[in-house]
Amino acid sequence: MEIQLKIEDQILSLEVTRDGNRYRIRVRDREYDVDCVCPEPGVFSLIVDGKVYEALVSRSDLVHTVNLGNHLFSLELSDPRATPLRQRALALGEGPTAIQAQMPGKVVRILVGEGQEVEPEQGLLVLEAMKMQNEIRSPKKGRVAKIAAHAGATVKSGELLLIIE
Amino acid sequence: MFRKILIANRGEIAVRVIRACREMGISAVAIYSEADREALHVRRADEAYCVGPASSLESYLAVDRILDVARRCGAEAVHPGYGFLSENHRFVQACEESGIRFIGPTSGAMKVMGGKVSARQVAVRAQVPVVPGTLEPVASVNEALAEAERIGYPVMLKAAAGGGGKGLRLVPSAPEFPSAFEMAASEAENAFNDRSLYLEKYLDRAHHIEIQVLADSRGDVVYLGERECSIQRRHQKVVEECPSPLVTRPLRKRMGETAVRLARQVGYLNAGTMEFLVDSRRNFYFLEMNTRLQVEHPVTEFVTGIDLVKAQIRIAAGEALPWRQQDIRLHGAAIECRVYAEDPERNFLPSPGKITHLEEPDGPGIRNDSGVYPGYTVPIHYDPLISKLVAYGKNRWEAVERMRRALSEYKIGGIQTTLPFLEAVLSDEQFLRGDLDTGFADRLLAARPLAAERDHLRDVAILAAAIAFSRSQKSPLGSSERAANPWKMAARLDQLATRLPH
């Protein structure tokens with residue numbers, strides 16, 4: 001099957017074919033031969049070039065969280081044939097961009113108003129988690145289309161904060 | 001002996017104290033905030049009472065509510081753990097006045113030794129060498145500047161009421177001084193409601209080494225060796241070990257006897273720790289005293305064979321120390337790693353959230369003091385410590401090997417932790433040689449030891465996610481959630497659609 005994958009602002013197209021526990025995965029010009037079993041729910045034991053890896057995978061909607069060697073990765077996966085065009089445009093950074101909470105926390109301040117023009121790296125709002133305040137910045141030039149969060153609100157990881165278009 | 005003890009804390013340290021209570025046949029009472037109903041310490045306790053909302057000011061720091069719970073449930077003693085109220089002499093005094101035994105020093109001794117400036121004055125009177133600096137808080141930025149000139153740069157600005165790395169600033173030279181002074185003072189005001197600061201000379205490449213003492217109500221005091229705590233980030237310890245690779249037998253004896261003399265000077269009671277800076281020529285300077293159980297106490301427990309929490313409870317109940325100094329022996333070596341829900345690749349940003357998967361290390365010589373379980377959500381309100389992983393070996397080398405093995409077994413899914421950083425520390429050549437100083441962690445991080453490993457694992461993560469996704473799409477009929485439940489699928493798509501702009 002074909003998969004569209006987004007990791008750290010990079011978008012990749014993958015081709016996966018399966019034969020029992022063997023997977024052939026083509027990423028750009030490379031092809032991987034992976035042996036994979038799932039001994040426990042959420043645990044993927046992979047053998048790649050003879051090396052053993054254990055990945056812990058959890059997902060909510062399209063976002064897969066992968067823990068590998070205690071490094072955490074967040075990936076968005078979709079089947080390009082099943083995904084609406086607008087959403088693909090979103091993933092590609094065109095059109096509106098949804099700003100989501102990267103971690104659970106509390107919205108301390110909102111620094112912009114609806115309709116306001118913003119520059120890349122401009123502060124949008126301040127999120128507090130574990131006594132640390134972090135400024136969430138705009139990924140691009142655009143206009144604040146919608147503010148979904150309000151000051152004082154507790155938000156979950158992945159919750160929509162605002163939309164830049 | 002007490003029949004019931006209230007533990008005025010949360011997380012792993014509350015679980016640790018509950019374990020000691022259970023071994024002694026004492027009933028353990030937990031307190032919790034509204035955010036902590038599902039916390040492990042509540043699940044492990046015999047009784048548990050909610051003391052207020054998530055904010056620690058209204059729960060774990062609410063003296064009146066905690067004492068009210070203690071009275072109503074019939075607890076005879078309170079164990080404060082570390083942090084929260086453990087070094088608040090007003091809380092100790094409130095316990096004393098309501099007839100509830102505080103498991104720790106008296107309020108008087110805590111007040112003298114808990115104040116950084118007054119503790120330095122006591123040390124000077126007891127002829128204990130202190131780090132050069134001021135013996136009184138500095139009144140103004142101008143006075144502080146003059147003192148800094150006298151001591152010589154670099155200097156440390158420290159909050160007189162300080163602790164936990166707050167209100168601390170390293171000032172390399174005079175031009176940076178005024179703004180550093182202002183930042184340290186306002187941080188101190190926020191954290192401790194007290195702006196006063198004092199000055200110390202910053203000792204470059206020094207070891208941070210501390211001595212554990214135990215004192216009973218008859219005035220007997222013993223020291224239980226040292227702990228090497230030089231590996232720190234933002235003045236918070238990350239990796240600790242016992243014994244210190246720097247400390248020789250004669251130095252241990254001199255530092256230990258100094259710590260005992262200080263404890264006697266103030267009539268200290270129960271467990272306490274004297275912190276020292278030790279330079280490369282093995283000169284030591286008193287830094288401050290922690291008038292409570294330390295986070296890193298397990299390394300001392302491994303090497304001395306003494307259960308410090310049980311010793312604390314026995315001392316508080318009025319029992320005499322069962323050892324004299326010559327009975328205290330150190331065997332082998334132990335190392336502790338503090339595992340935090342923080343992202344070492346993003347400047348240690350907190351990474352709270354749900355632990356989707358948990359495999360804890362065990363096997364020979366391993367102890368993991370943990371406050372979490374699979375499915376637990378690390379809350380956003382408190383310190384992000386997940387567990388303290390401790391390894392013991394017949395010598396430092398075996399302890400290091402076991403720690404490295406245990407770190408490789410430890411798997412925490414769903415949140416980012418500091419485990420990769422700890423693995424980098426434990427494989428660093430300077431660390432392996434035991435060549436430690438308080439600048440170690442910053443130098444290691446500047447070399448970005450995790451970047452290459454992460455880049456490699458990133459490719460494998462892509463493969464794992466692709467496989468997981470393809471299995472969820474194409475698994476045999478019936479077992480796939482999507483195939484089995486079209487209603488749920490439709491609802492999800494619906495939900496997704498509402499999150500997209502029109």
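**Figure 1. Crossing of helices H1 and H11 in chain B of the predicted model.** Two packed helices are described by the angle between their axes and the distance between the axes. For helix H1 (residues 11-23) and helix H11 (residues 308-316) of chain B, the axes come within 9 Å and cross at roughly 65 degrees. The crossing of H1(B) and H11(B) is right-handed. On the H1(B) side, the contact is made by B:Arg16, B:Val17, B:Ala20, B:Cys21 and B:Glu23, and on the H11(B) side by B:Leu308, B:Val309, B:Lys310 and B:Ile313. By class, the residues of this contact comprise six nonpolar and three charged, with no polar ones.

**Figure 2. Helix H10 of chain B and the glycine that follows.** Helix H10 (residues 297-304) of chain B is mostly covered, with seven of its eight residues buried. The buried residues are B:His297, B:Pro298, B:Val299, B:Thr300, B:Glu301, B:Val303 and B:Thr304. After H10(B) comes B:Gly305, which has a positive phi near 75 degrees.

**Figure 3. Strands S2, S3 and S4 of chain A.** S2(A) and S3(A) run antiparallel and are joined by six bridges. Within this pairing, A:Leu14 has A:Val27 of S3(A) as its bridge partner. The two strands form a hairpin with two residues between them, and A:Gly20 in the turn has a positive phi of about 65 degrees. S3(A) also pairs with strand S4 (residues 30-40) of chain A, in the antiparallel sense and over six bridges. Here A:Tyr23 stands opposite A:Val34 of S4(A). The hairpin of S3(A) and S4(A) likewise has two residues between the strands, and in it A:Arg28 takes a positive phi near 50 degrees.

**Figure 4. The two faces of strand S3 in chain A.** In a regular strand the side chains alternate between the two faces of the sheet. Strand S3 (residues 22-27) of chain A shows such alternation. A:Tyr23, A:Ile25 and A:Val27 point to one face and are buried, whereas A:Arg22, A:Arg24 and A:Arg26 point to the other and are not buried.

**Figure 5. Surroundings of A:Glu15.** A:Glu15 belongs to strand S2 (residues 10-19) of chain A. This residue counts as partly exposed because its relative accessibility is 28%. Apart from neighbours within four places in sequence, A:Glu15 is in contact with A:Met1, A:Glu2, A:Arg24, A:Ile25 and A:Arg26. From A:Glu15 to A:Val66 the C-alpha to C-alpha distance is 19 Å, and the two residues are 51 residues apart in sequence.

**Figure 6. Interface of chains A and B, with a view of A:Ser58.** The interface brings 63 residues of chain A into contact with 57 residues of chain B. About 5100 Å² is buried between the two chains, with carbon and sulfur atoms giving 66% of this area. Within chain A, the residues that lose the most area to chain B are A:Asn70, A:His71 and A:Met130, which together account for 16% of what that side buries. A:Ser58 is located in strand S6 (residues 51-60) of chain A. With a relative accessibility of 17%, A:Ser58 falls under the 20% limit and therefore counts as buried. Leaving aside neighbours within four places in sequence, A:Ser58 is in contact with A:Val63, A:His64 and A:Thr65, and also with B:Thr356 of the other chain.

**Figure 7. Backbone geometry at selected loop positions.** Most residues other than glycine have a negative phi, and most peptide bonds are trans. In chain B, a cis peptide bond joins B:Tyr153 and B:Pro154, with omega about -5 degrees. B:Pro154 lies in the loop between helix H7 (141-151) and strand S6 (155-163) of chain B. A cis peptide bond also joins B:Cys242 and B:Pro243, where omega is about -5 degrees. The loop that holds B:Pro243 lies between strand S11 (236-242) and helix H9 (249-265) of chain B.

A:Asp49, a residue other than glycine, has a positive phi near 55 degrees. The residue is found in the loop between strand S5 (43-48) and S6 of chain A. At 70% relative accessibility, A:Asp49 counts as exposed. For B:Gln127, also not a glycine, phi is positive and near 55 degrees. B:Gln127 sits in the loop between helix H6 (116-125) and H7 of chain B, and its relative accessibility of 68% makes it count as exposed.

Notes
Residues numbered from 1 in each chain as written. Chains lettered and ligands numbered in written order. Predicted model: local features only at pLDDT ≥ 70, side-chain atom pairs only at ≥ 80, totals over all residues. Heavy atoms only, no water. Buried < 20%, exposed > 50% of the residue type's maximum accessible area, 1.4 Å probe, protein only. Helix = DSSP H or I, 4+ residues; strand = E, 2+ residues; numbered from the N terminus. Axes fitted to C-alpha atoms, helices over the stretch in contact; angles between N-to-C directions. Left-handed = near helix turned anticlockwise from the far one by under 90°. Contact = heavy atoms within 4.5 Å. Nonpolar A, V, L, I, M, F, W, Y, C, P; charged D, E, K, R; others polar. Pairing = 2+ DSSP bridges. Buried area = accessible area lost by both parts, 1.4 Å probe.
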